[in-house]
Amino acid sequence: MTASAKLVIVYATLYGMKLHHELFDVIVVGGGASGMMAAGQAAQRGKKVLLLEKNRRLGEKLLITGGGRCNITNEEYDVPAFLSHYGDSADFLYSPFHQFGVLNTFVFFESLGILLVVQARNRVFPKTERAVDVCNALAENMQKHGVIIKTNCIVKKVNQNGREIVNVETNQGVLSAKSFIFSTGGVSHPETGSTGDGFKWLRALGHSVKDPTPTIVPLSVADEWVKALSGVSLSFMKITIFLEGKKQFAKIGKVLFTHFGLSGPLILNIAGGVGDLLEDGVVTAAIDTYPDTNLGDMDKKVVNLFNLMKNSDLKTAFKELAPEGTAGALQGVLPQIDFNKKVHSVTRDERKLIVNTLKALPVTITGLMGNDMAVSADGGVELSEVDTRTMRSKLIDNLYITGDLLHINKPSGGYSLQLCWTTGFVAGNAVI
Ligand SMILES: Cc1cc2nc3c(=O)[nH]c(=O)nc-3n(C[C@H](O)[C@H](O)[C@H](O)COP(=O)(O)OP(=O)(O)OC[C@H]3O[C@@H](n4cnc5c(N)ncnc54)[C@H](O)[C@@H]3O)c2cc1C
């Protein structure tokens, strides 16, 4: 080997080692929504930041948010009103949201060139309706501020000395920093990279971590008629939930029928409550297909229809009553009725049964679908162990925690990503 070739090898080796000998101000572990926000903000303050992401590309989960459209936040500028959606965690979130709230999210993304639009139920999306644009903007923001990004870099072990993290062991060597921000997400949709690694490290560091249970997740049901409607979506349904036959709560919204049960915004938003009830006994539901018509008016409506169609087959008349596309499957809920007979021979009891059924389709809920189908899971570090003003761990002095790693129950509608922007910003802004 020539002397110059040797020199090249020595130089290349030294360059490769450089990263490993470099002491960064901050290492952010996890290149998802909150990690990219935290890294960008820390770098903007002049910190030397290294971001480690185990996937080949950044923001795999962010890319599938809102069905690829990315529901960035929810347009509610009043902090107490916005925080009321986070239940018991609202108190913890006051300080972070006063530092970076919904309005800041608008200003921040628009400063990155991502124009936002408000859609139904105050949900905010990028005008392009492309999550990939949001992801690219966050990546460009990090690059602009000098964040060093290392993809395909899996953190395998976290080494601690007393109340400090010293370094992290990765598939690309040992990396050190003065401070660390953990942004490795939760456990929903693990194929995106969120496999719960952060929960394990945080436990090992002494934190109390509540086991994750899916909260925004479809429901599995026993009823064949539900599965027969797979693919049908009904936008104005009322679902009433019962525990051991006793009414618990009712909500109105959009239901999507699937081959395993029920999904759609209404179902996803009640899943957390249903999950709690399932621990206490048998949970059933009744779906009202005419939520704005009371039983008496509904009966009158059916009497009028039956008068008009008295010489038609009942199955033809039933199509006028059942929500579009559901008549066939809903006949399965009423096996005692012969739908081939003429309407004029339907008895009063049969008519009442039809009315009562359309006002309360019976469902037996067998469980929540798993983390693989969850939009969100609760679980994570107990908030009492995190400093609300900085997202700093109260146990490990140079550790900050963001996003889905925090034990906060979030409804759907942009509330999870808003938490990522808020906690990511606060951690990146506070990290020493
Ligand atoms: C299908 C679906 C749709 C959703 N839609 C919306 C929506 O429209 N609006 C909304 O508000 N919320 C939505 N959410 C929730 C939202 O996506 C999450 O709350 C958010 O992505 C969490 O961000 P995060 O930064 O905490 O973690 P994540 O986005 O999960 O990112 C964590 C990152 O850390 C990396 N990582 C993990 N372990 C390691 C390791 N050992 N070493 C290196 N890197 C590691 C992962 O690869 C991953 O990239 C949706 C979720 C799902 C599953």
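This tour visits charged and nonpolar sites of the structure in turn, with a suggestion of what to select at each stop. The model is predicted, and residues are numbered from 1 along each chain.

**Stop one: a salt bridge between two loops**

The structure contains 17 salt bridges. Begin by selecting Glu129 and Arg69, which form one of them, with 3.2 Å between the closest N and O atoms. Glu129 sits in the loop between β5 (123-126) and α7 (131-144), while Arg69 belongs to the loop between α3 (60-64) and β3 (73-74), so this pair ties together parts that are 60 residues apart in sequence. Colouring by accessibility shows Glu129 as partly exposed, at 30% relative accessibility. Arg69 is likewise partly exposed, with a relative accessible area of 24%.

**Stop two: a buried strand-to-helix pair**

Next, select Asp288 and Lys359, whose salt bridge brings the closest N and O atoms to 2.8 Å apart. Here strand β16 supplies Asp288 and helix α14 (residues 348-359) supplies Lys359, so the contact ties together parts that are 71 residues apart in sequence. Hide the surface to view this pair, as both Asp288 and Lys359 are buried.

**Stop three: Asp404 and Lys410, then a network**

Move on to Asp404 and Lys410, a salt bridge in which the closest N and O atoms are 3.1 Å apart. Asp404 has a relative accessibility of 18% and counts as buried because the cut-off for that class is under 20%. Lys410, at 3% relative accessibility, is also buried. Then select Lys54, Asp197 and Lys200, which are joined into one network by salt bridges that share partners.

**Stop four: a negative patch**

Return to the surface representation and select Glu244, Asp276, Glu279 and Asp280, which form a negative surface patch. Within this group, centre the view on Asp280, located in the loop between α10 (265-278) and β16 (283-288). The strand that follows this loop, β16, is the one that holds Asp288 from the second stop. Is Asp280 buried or exposed? Asp280 is exposed, its relative accessible area being 56%.

**Stop five: a nonpolar patch**

Finally, select Tyr77, Leu103 and Val107, which make a nonpolar surface patch of about 310 Å². To place Val107 in the fold, display helix α6 (residues 102-111), where this residue lies. Val107 has a relative accessible area of 54%, and is therefore classed as exposed.

Methods
Predicted model: local features only at pLDDT ≥ 70, side-chain atom pairs only at ≥ 80, totals over all residues. Heavy atoms only, no water. Patch = residues over 30% accessible without salt bridge, like charges linked within 9 Å, V, L, I, M, F, W, Y side chains within 5 Å. Areas by Shrake-Rupley, 256 points an atom, 1.4 Å probe, with all protein chains shown as cover. Salt bridge = Lys/Arg side-chain N within 4 Å of Asp/Glu carboxyl O. Lys, Arg positive; Asp, Glu negative; His and termini not counted. Charge placed at Lys NZ, Arg CZ, Asp CG, Glu CD. Helix = DSSP H or I, 4+ residues; strand = E, 2+ residues; numbered from the N terminus. Buried < 20%, exposed > 50% of the residue type's maximum accessible area, 1.4 Å probe, protein only.
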